[in-house]
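User: I've got a model open here and want to talk through how its pieces pack. Can you take a look with me?

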Amino acid sequence: MKVLKFSKNLNDLLRTHNMSQQSLANMLCTSQSTISRWVKGFTQPNYEDLLLISIIFNESIDSLLGKDDLSEIQIEEIRQSLLSKK
């Protein structure tokens with residue numbers, strides 16, 4: 001199960017806010033190619049960039065990562081699956 005949906009959510013936010021990858025890169029003091037890799041799902045932002053993205057788009061980190069799209073039942077199933085691996 002792919003839990004993290006950051007790349008799709010970031011792409012949707014860029015489109016919704018009519019913001020280019022270059023504009024976001026400028027705000028984060030990074031390169032457009034870094035943003036492109038995030039949007040394509042090749043890499044993920046570090047914690048600091050994730051926090052700044054959540055501030056820029058006024059979205060929670062849970063929302064950016066896709067946790068808000070999971071039901072309580074799905075979250076509990078994931079939790080139990082992870083805890084069983086202890």
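User: Where is Asn9 found, before we go any further?

Analyst: Quick ground rules: this is a predicted model, with local features needing pLDDT of at least 70 and side-chain atom pairs counting only at pLDDT 80 or more, while totals for chains, interfaces and linings use all residues. Residues are numbered from 1 along each chain as its sequence is written, and side-chain values use heavy atoms, leaving out hydrogens and water. Helices here are DSSP runs (H or I, at least four residues), numbered from the N terminus. On that basis, Asn9 sits in helix α1.

User: Is Asn9 buried or exposed?

Analyst: The cut-offs are under 20% relative accessible area for buried, over 50% for exposed, and partly exposed in between (1.4 Å probe, protein chains only). Leaving aside neighbours within four places in sequence, Asn9 is in contact (heavy atoms within 4.5 Å) with Ser63, Leu64, Leu65 and Gly66. Its relative accessible area is 14%, so Asn9 is buried.

User: What does Ser7 touch, skipping residues up to four places away in sequence?

Analyst: Ser7 is also placed in helix α1. It counts as buried because its relative accessibility is 15%. Not counting residues up to four places away, the ones it touches are Trp38, Val39, Lys40 and Gly41.

User: How far apart in space are Phe42 and Ser7, C-alpha to C-alpha?

Analyst: Phe42 has its place in the loop between α3 and α4. With 62% relative accessibility, Phe42 counts as exposed. Along the sequence Phe42 and Ser7 are 35 residues apart, but in space their C-alpha to C-alpha distance is 8.7 Å.

User: Which element gives the most residues to the largest nonpolar core?

Analyst: A nonpolar core is a set of buried Ala, Val, Leu, Ile, Met, Phe, Trp, Tyr and Cys residues joined through side-chain atoms within 4.5 Å. The largest one has 15 residues, and Leu10, Leu14, Leu24, Ile35, Ile53 and Phe57 touch the most other members. Two or more residues come from each of α1 (6-16), α2 (21-28), α3 (32-39) and α4 (47-57). The top contributor, with four residues, is α1.

User: At roughly what angle do the axes of α1 and α4 cross?

Analyst: On the contact side, Phe6, Leu10, Leu13 and Leu14 in α1 meet Leu50, Ile53 and Phe57 in α4. Axes are lines fitted to C-alpha atoms, for helices over the stretch in contact, with angles running from 0 to 180 degrees between N-to-C directions. By that fit, the two axes come within 12 Å and cross at roughly 35 degrees.

User: Why do the buried residues of α4 end up on the same side?

Analyst: The buried residues of α4 are Asp49, Leu50, Ile53, Ser54 and Phe57. They are on the same side of α4 because they cover an arc (taken from the directions from the helix axis to the C-beta atoms) of only 140 degrees. As background, an α-helix has 3.6 residues a turn, so residues three or four places apart point the same way. On the other side of α4, the exposed residues are Tyr47, Glu48 and Ile55.

User: Which elements do those buried α4 residues pack against?

Analyst: Part of the answer is in the side chains, since Leu10 of the core touches Ile53 and Phe57, among others. The full list for the buried residues of α4 is α1, α2, α3 and α5 (61-65).
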